[in-house]
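Me: I am learning to read protein models, and I would like a careful look at a single part of this one. Please take me slowly through the strands, the turns between them and what they pack against.

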Amino acid sequence: MKNKLKTYLKNSGFTLTVLFMALYCCYIIRNIDDGSNFAFHIFLVAVVIVSRFTKGYIYGFAASLLSTIGFHVMVNYPNYVFRFPDEFLSASFAAFIIVSVVICEQNTRIDEYKTKNGELVSAIEKYKTKLNLLRGASHDLRTPLTGIMGAADTLIERGDDIDDKARMRLLSDTKNDAQWLLCLTGNILSAAKVEDGTPISKRPEAVEEVAAESVERLKKHYKEQNITVTVPDELLMVPMDFVLIEQVLINLLENACIHSGQADEINLKISSENGEAVFMLTDNGCGIDDEVIDKLFEEPVLSQRSENEKEKKRNMGIGLYVCRTIIEAHGGTISAYNNEQGGATFRFTLPLMEGENEIEK
């Protein structure tokens, strides 16, 4: 309702301003030139401008009425005689109305074209996004499945010849690949959910709780990793889907664990700035490759350098893309950059209040 009133006042003000300028121009020219033919053309231009740059027929119609009055007043200047309803049966009024209707109709057609074109562009972008998601998912799913199948084949074909230590290593690798596969499946389902436009169920959550839960879950697989979490002294409540934001933090934390090494520290700092909750995750690893930093969240890429080739492969895929998808669905932003002292920082924000661009409950 407020937006409609704002639009109405804006269009009404624009209409009156244009007509006042037209009347003022006529007044100046009329004092210079005794003729009155110019008045029709000036008011016709005013009707064209109003009809073109306002929404709906009402403003063009109002401009036609007022222009007819203004035109006949200028014709009878300085007596300011206006004869109702003769003027509204004149050719000038008919011309103003016809021009207004034609331009308003063209505006309607242009708006329809823009809407259809926007829908087409949106559909194309959505299709491209799904292709990228499918490509990343295919790559990521193939890697753990290959490891599981290889370990299974080895155990089946050479089971009796493998010592206990090698057998435990194969079983451990199989478990890790299965866990990796489970995480990937969660990422794929979350990305598909958001991309399909499924509404996000948001409610106020304490940031320290989602941070603590994320770190606790990550510690099950990276027990020796040193992770420091800093949260505001006051309770900070943020509208979010707890599970999705937890997944974002786990993805980013795991990414940092892979590339910073077990002996290095990872810092997660959460603060409040300008009506947003700001999450900053910093590591002191190898940093982000220059050739991929600009498209880090756009498509599945090898995001950072690592000494472990298997771990490098595990960081290729949809993890960071999923992070971007989830954060943008919450109305926030996400970015990454290299630190001057080494390592990288991932930063994302979440609005502290519900906004017009956020997906409603």
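At the turn where I would like to start, does asparagine 274 count as buried or exposed, and what is its relative accessibility?

Reply: Before the details, please keep in mind that this is a predicted model, in which local features need pLDDT of at least 70, side-chain atom pairs count only at pLDDT 80 or more, and totals for chains, interfaces and linings use all residues. Residues are numbered from 1 along each chain as its sequence is written, and side-chain values use heavy atoms, with hydrogens and water left out.

Asparagine 274 counts as exposed, because its relative accessibility is 79%, where exposed means over 50% relative accessible area, buried under 20%, and partly exposed in between, with a 1.4 Å probe and protein chains only. This asparagine sits in the loop between β4 and β5; helices (H or I, at least four residues) and strands (E, at least two) are DSSP runs, numbered from the N terminus. Although asparagine 274 is not a glycine, its phi is positive, at about 50°. The hairpin of β4 and β5, to which this turn belongs, has two residues between the strands.

Glycine 275 is in the loop between β4 and β5 too, and with a relative accessible area of 45% it counts as partly exposed. A link across the chain can be seen here, since glycine 275 and leucine 350 are 75 residues apart along the chain while their C-alpha atoms are separated by 8.8 Å.

From this turn we can follow the two strands themselves. β4 and β5 run antiparallel and pair over seven bridges, two strands being counted as a pair if DSSP finds at least two bridges between them. Within this pairing, serine 271 stands opposite valine 278 in β5.

β5 has a further partner, for seven bridges join it to β7, and these strands also run antiparallel. Here phenylalanine 279 is found opposite phenylalanine 348 in β7. Arginine 347 belongs to strand β7 as well, and it is partly exposed, as its relative accessible area is 25%. The C-alpha atoms of arginine 347 and phenylalanine 279 lie 5.6 Å apart in space, with the two positions 68 residues apart in sequence numbering.

β7 in turn leads us to β6. Strand β6 covers residues 334-338 and strand β7 residues 344-351, and the two are antiparallel, joined by five bridges. One facing pair in this part is alanine 336 and phenylalanine 346, the latter in β7. The hairpin of β6 and β7 has five residues between the strands, and in it glycine 342 takes a positive phi near 110°. When you turn the model to look at these strands from the side, it helps to remember that in a regular strand the side chains alternate between the two faces of the sheet.

What, then, do these strands pack into? The largest nonpolar core has 44 residues, of which Val238, Leu252, Phe279, Leu296, Phe346, Phe348 and Leu350 touch the most other members. The elements that each supply at least two residues of this core are α6 (207-219), β3 (237-240), α7 (242-260), β4 (265-273), β5 (276-282), α9 (319-329), β6 and β7. Helix α7 gives the most to this core, with nine residues. Such a core is a set of buried Ala, Val, Leu, Ile, Met, Phe, Trp, Tyr and Cys residues joined through side-chain atoms within 4.5 Å. Phe279 and Phe348, named above as an opposite pair, are thus worth finding again among the core members with the most contacts.

Helix α9, one of the contributors to the core, deserves a short look of its own. α9 is mostly covered, for 10 of its 11 residues are buried, among them Leu320, Val322, Cys323, Ile326 and Ile327, and also Arg324 and Thr325. Just after α9 comes glycine 331, which takes a positive phi of about 85°.

To trace the part once more in the viewer, begin at asparagine 274 in the loop between β4 and β5, cross from β5 to β7 over their seven bridges, and finish with the five bridges that join β6 to β7.
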